[in-house]
Amino acid sequence: MCVVPTTSARLLSLLSLLQARRDWPGALLAERLRVSARTVRRDVDRLRELGYPIESTKGPDGGYRLGAGSALPPLLFDDEQAVALTVALQTAATSVTGIEEAAARALTTVRQVMPPRLRHRVDALRVIAVERAGTPATARVEPGLLMTLSAAVHAREELRFDYDSVSASAPDAPPRRAQPHHLVTWGGRWYLVAWDLDRADWRTFRVDRISPRTPTGPRFTPRELPGGDVAAYVAGRFKGATGPGDWPCRGEVILDLPARTVSAWTRDGIVEELGPDRCRLVLGGWSWPGLAAVLGRYDADIEVIGPPELREAFARLARRYAAAAQTPDAPRTG
């Protein structure tokens, strides 16, 4: 027996199909929903009444596509809620293991139905999540402040702002001047990585302590961040080093594993995605043989980038493990 879906369930199915691809021929929609072409037209009209911007496409078959509207139907998000949702989905897509793909698809769906004025603002918001185990942040950051800072990062415009530092400062202190480069999360807090114009050095500013002044300054040419990796730089600033921790031995390898898999088992290292099934890993250890042994736990083919001490440690362990693998009666080599 064929079960005929209710109108509400059919509308949700239709909306889901329209979000899955850009253009849908009307006949194909009718086939997928197991209804007539006339029912599809009526359902499209119902969705339009709810505020969904569904456009009709011309052609031999005719069809429909989900376009951008002037509101966010039917959830009725206001601008701040839409920005907060975008931030949450971007952070989840880059830092929460197991839901990256779903968060990225949800972000695409939300962006698709945003009005153009808001979509352009959200497109300028690029969040880099730097993971670290720690307590969640207690300071609240307003979405409007995140949008202001992200817009300056995207436009490469200098910022002037008042900054509530931990140390006491004069009430009439001049505003800080900086060139914003990255907006990141670390340990549950928001930070702005910027070039401090007055101190001629890189600084990380807590966003919840920033009070921007308007207007923004002139445009600037981006500088090269020390090490060229924002995750490594931020981790180093909080650990007092420029690399992953203060380990005496620090090596770099390429693993034949997805970056997502390696990240789930890496605490203090820096993981960079090189492709669907390859990544670069920078890791530290107390000794070269110890570091080589730790890298072996990933159970994947390893390409040593450097330094030579790490490559020698792998050779030493290979001889040691080969000897351990021999039977007791077999002659020992090496």
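Me: Accessible areas here come from the Shrake-Rupley method with a 1.4 Å probe, and for residues only the protein chains shown count as cover. So how much area does the protein chain expose?
Reply: About 19,300 Å², with carbon and sulfur atoms supplying 52% of it. This is a predicted model, where local features need pLDDT of at least 70, side-chain atom pairs count only at pLDDT 80 or more, and totals for chains, interfaces and linings use all residues. Residues are numbered from 1 along each chain as its sequence is written, and side-chain values use heavy atoms, without hydrogens and water.

Me: And what share of the residues is buried?
Reply: 39% of the 334 residues in the protein chain; buried means under 20% relative accessible area, exposed over 50%, partly exposed in between.

Me: How many helices and strands are there?
Reply: Eleven helices and 13 strands, taken as DSSP runs of at least four residues (H or I) and at least two (E).

Me: Changing topic: at what angle do H1 and H2 pack?
Reply: About 130 degrees, with the axes 11 Å apart; H1 covers residues 7-20 and H2 residues 26-33. That makes H1 oblique to H2, because oblique is whatever isn't under 35, over 145 or 65 to 115 degrees.

Me: Which residues make that contact?
Reply: Arg10, Ser13, Leu14, Leu17 and Leu18 from H1, and Leu29, Arg32 and Leu33 from H2. Contact means heavy atoms within 4.5 Å.

Me: Where's Arg38?
Reply: In helix H3, residues 37-49.

Me: Buried or exposed?
Reply: Arg38 counts as exposed because its relative accessibility is 57%.

Me: How far is Arg38 from Gly26?
Reply: They're twelve residues apart in sequence, and 9.5 Å apart in space, C-alpha to C-alpha.

How values were computed: Axes fitted to C-alpha atoms, helices over the stretch in contact; angles between N-to-C directions. Buried < 20%, exposed > 50% of the residue type's maximum accessible area, 1.4 Å probe, protein only.
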